[in-house]
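The following explanation looks at how two helices are covered by their surroundings and how one of them packs against a neighbouring helix.

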Amino acid sequence: MSWSHVIETHDLLDTPAADGAAVAEYLRRHGAGDGEVLVETVAGAGGTTDFVRVTVPGTDGAASGGPAPTLGVLGRLGGLGARPEQIGLVSDGDGALTAVAAAAKLLDMRRRGDTLPGDVVLATHIDPDAPTQPHDPVPFMGSVVDQEVSNRHEVLPEMDAILSVDTTKGNRVCNHHGIAVTPAVVDGWIVRVPESLLDIASRTTGRPPVVMPLTMQDITPYGNGVYHVNSILQPATATSAPVVGVAIVTETAVAGSATGATDLGTVESAVRFVIETAKDFGRGIAHFVDAEEVRRLNELYGGMSHLRGAAEPAAR
């Protein structure tokens, strides 16, 4: 279980003073070694935010020259808070909460001798006073940096697959309280939902798995003028590796800028889902895509990687 890590992390992040240095110190207390935690402060149009990245090496991972694949875990969000407009942790902060709590749990597991086979790289950003922005059906949280900047600091070439954890409560297409997984997105293709991840969702929640629907708009870069359900699949615009979204969802539409909306039970389920996926992916049990099927799609219909790039008006 990860309850203590979720509660500790919630207390750590639910403050106007939350920053990358405090998160890095927290992770070091759980066993992160020298060079395993990186904090970068990045300035944007509306202020600054701290990107935090921690690497948890595996027994047979790439960091030590081993063959086990590397899993990326990204906590996506606009901000932890919308101060001074809102007081306290906002719903949008659940992605960062999940990523930091999962990192602390993995570090504790390693310290106790339960080291995973593959490396796990977890990244998010820490901003207690991000802006808000209009969105239908409920307001979004904005960010002081755009998605391209977030991708540059969080999406790494060594990630063989990525879980993108994001609050996805501001919609009417996934009316469920808990977590939902998306279909896999790989180099511009939306492909089938990974069966192995559905298995993990079932065992970590004790319920039938729930799937968050995606549209083509959702996997294109922000800023192109089309509707996106949120930023959960924006990491897929920066990599050809497969990306699966882990959506924290609710039965009603809840604004990302709403306070008092974080359900720690759901966050704890998301943390366990992340950790179990990391275990199985590193052991070759969990697979995000069928590589042969993706190859066949490209052979039949051509590549879809152009959807990852900046849009240009089509010729008429």
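This is a predicted model. A convenient place to begin is the N-terminal end of helix H4, which is capped by Asp146. A side-chain oxygen of Asp146 lies 3.2 Å from the backbone nitrogen of Glu148. Helix H4 itself spans residues 147-154 and is mostly covered, with 6 of its 8 residues buried. The buried residues are Gln147, Val149, Ser150, Asn151, His153 and Glu154. They pack against four strands: S1 (37-44), S2 (47-56), S3 (71-76) and S4 (120-126).

Helix H2, residues 20-29, has Gly20, Val23, Ala24, Tyr26 and Leu27 buried. Viewed down the axis of H2, these buried residues fall within an arc of 160°, so they line one face of the helix. Their cover includes helices H1 (3-13) and H3 (94-112), together with strands S1, S2 and S4. Just after H2, Gly31 adopts a positive phi of about 115°.

The packing of H2 with H3 can be described further. Two packed helices are described by the angle between their axes and the distance between those axes. For H2 and H3 the angle is about 25° and the axes are 9 Å apart. Angles under 35 degrees count as roughly parallel, and H2 and H3 are therefore roughly parallel to each other. The crossing of H2 past H3 is right-handed. On the H2 side, the contact is made by Val23, Tyr26 and Leu27, residues that are also buried in H2. On the H3 side, Val100, Ala103, Ala104 and Leu107 make the contact.

Notes:
Residues numbered from 1 in each chain as written. Predicted model: local features only at pLDDT ≥ 70, side-chain atom pairs only at ≥ 80, totals over all residues. Heavy atoms only, no water. Buried < 20%, exposed > 50% of the residue type's maximum accessible area, 1.4 Å probe, protein only. Helix = DSSP H or I, 4+ residues; strand = E, 2+ residues; numbered from the N terminus. Contact = heavy atoms within 4.5 Å. Polar contact = N/O pair within 3.5 Å; in protein donor to acceptor, adjacent residues only side chain to side chain. Arc of directions from axis to C-beta. Axes fitted to C-alpha atoms, helices over the stretch in contact; angles between N-to-C directions. Parallel < 35°, antiparallel > 145°, perpendicular 65-115°, else oblique. Left-handed = near helix turned anticlockwise from the far one by under 90°.
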